[in-house]
Amino acid sequence: MSLNIDCKKSKSEDFAIFDVLKLIMSFFVVCIHTGIGATTTEMNLYFLQGLFRVAVPIFFFLAGYFLFRKIPKEKVMSKESSETIKRYFYRILLIYVIWSFVYLVIAQIPEWIKNGFSLRDLFVYIEYATIRGDSYLHLWYLSSLFTGVALVFLSRKWFSLRDSLIISIVFFVVGLLLQPYYFLIKPVIEGFPVTNWLMYNIFNRFIGGPRCGLFFGFVYVALGAYFAEHKKVLPRYISLIGLIVSFALSIAEITLIDNKWSWDGGTYGALQLSHIPLVISLFCFLFSFKNVKIGHSKEIRSISTLVYLIHPAIILMAKLIPGYTQISKHLFVSGIIVYFLSIVISIVWITAEKNKAFRFLKKIR
């Protein structure tokens with residue numbers, strides 16, 4: 001899901017364990033969008049809204065880590081470092097624009113044709129795609145990654161990376177209060193006409209929610225960048241204990257959020273405080289295996305990115321398969337089918353890139 005970045009200081013093969021992690025996390029993302037089939041409310045909660053939601057924070061973190069491994073530790077960011085980061089987020093922007101157009105053509109326009117089209121629909125789409133960075137189902141991640149990287153870059157012009165991380169944590173805490181822990185501030189927000197109007201008419205419309213680059217992507221990109229700069233990780237046994245404890249905290253937190261969820265938007269599934277120690281612990285634990293050799297790690301990395309980009313299109317295709325709706329009611333069947341087809345098409349895509357006529361495909365993933 002995070003864009004492919006090789007490190008200058010180390011061979012990318014040394015970090016092959018994280019390529020495998022990305023591929024596993026891409027399955028989590030697929031299942032979030034397909035659902036896990038007919039199951040209990042509790043299982044749906046703890047898988048879809050709990051376990052699988054850790055994928056996006058991990059992708060943000062790894063993007064920040066591998067990008068800033070290319071940047072030397074500097075009190076003031078050099079011109080060369082600035083250019084490296086600028087090239088990265090310009091590429092993210094380009095991919096967001098291209099894939100927004102792709103899904104506009106294959107998903108949004110057919111939906112308009114089916115349900116009727118008005119100019120208001122077009123204006124709402126433009127507003128969502130540009131101002132909110134949410135043009136289609138999964139592409140909010142790209143716009144949030146762009147924003148997160150840009151914010152770390154801009155804050156580093158005036159502050160140290162440590163101070164930039166502190167600033168990002170402040171925004172993350174605000175995001176927690178605005179959504180999962182909204183019940184803590186709900187009486188204050190809704191008790192005054194001005195704050196109520198700002199929340200429901202301005203914030204909800206133009207930002208959409210804290211699941212965005214400012215409140216979500218910023219902190220994890222900054223956290224990844226901080227670990228890259230300081231080059232220190234927890235010992236394996238401590239990170240394993242941290243992984244177990246933070247996973248238990250995640251289960252407790254999603255239970256709390258589900259019981260206290262204040263809005264009428266369905267079951268919650270986005271920012272979670274427990275995901276910060278969970279991501280750190282998982283990263284440190286896997287880092288201790290970073291020199292384990294895994295064949296075709298570069299291809300695995302490319303496949304995970306492509307699975308993220310194309311799986312909603314595969315979902316649309318799968319719905320045309322006779323009997324798909326019926327078998328998708330079985331546990332994880334829909335996610336497995338879409339994931340498998342996405343991998344197959346990704347392999348075909350990567351193979352096609354080697355042909356001169358299709359080299360352009362590499363530039364859009």
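Trainee: Why are H3 and H10 called oblique to each other?
Mentor: H3 and helix H10 (residues 213–230) pack at about 45°, with axes 7 Å apart. Under 35 degrees is roughly parallel, over 145 roughly antiparallel, 65 to 115 roughly perpendicular, and the rest oblique. The pair is therefore oblique. The angle is taken between N-to-C directions, from 0 to 180 degrees, with axes fitted to C-alpha atoms over the stretch in contact. This is a predicted model, in which local features need pLDDT of at least 70, side-chain atom pairs count only at pLDDT 80 or more, and totals for chains, interfaces and linings use all residues. Residues are numbered from 1 along each chain as its sequence is written, and side-chain values use heavy atoms, leaving out hydrogens and water.

Trainee: Which hand does the crossing of H3 and H10 have?
Mentor: It is right-handed: the near helix is turned clockwise from the far one by less than a right angle, where anticlockwise would be left-handed. Among the residues in contact (heavy atoms within 4.5 Å) are Phe 60, Phe 61 and Gly 64 of H3 and Tyr 220, Gly 224 and Phe 227 of H10.

Trainee: What makes H4 and H6 roughly antiparallel?
Mentor: The axes of H4 and H6 cross at roughly 160° and come within 9 Å. That angle makes H4 roughly antiparallel to H6. The crossing of H4 and H6 is left-handed.

Trainee: Which residues of H4 and H6 meet?
Mentor: On H4 they include Ile 85, Lys 86, Phe 89 and Tyr 96, and on H6 Leu 145, Phe 146 and Phe 153. By class, this contact has 13 nonpolar, two polar and one charged residues. Ala, Val, Leu, Ile, Met, Phe, Trp, Tyr, Cys and Pro count as nonpolar, Asp, Glu, Lys and Arg as charged, and the others, Gly among them, as polar.

Trainee: How do you know that the span of H4 agrees with its 37 residues?
Mentor: The expected span is 1.5 Å times one less than the number of residues. For H4 (residues 79–115) this gives 54 Å, and the end C-alpha atoms are 51 Å apart, which agrees. H4 also has a kink of about 45°, centred on Leu 104.

Trainee: Where does a positive phi follow H4?
Mentor: At Gly 116, just after H4, with phi about 100°.

Trainee: Why are H3 and H6 called oblique to each other?
Mentor: Helix H3 (residues 55–68) and helix H6 (residues 140–155) pack at about 40°, with axes 11 Å apart. The pair is therefore oblique. The crossing of H3 and H6 is right-handed. Their contact includes Phe 59 and Ala 63 of H3 and Trp 140 and Ser 144 of H6.

Terms used
Helices (H or I, at least four residues) and strands (E, at least two) are DSSP runs, numbered from the N terminus. The bend at a residue is the angle between axes fitted to the seven residues ending there and the seven starting there.
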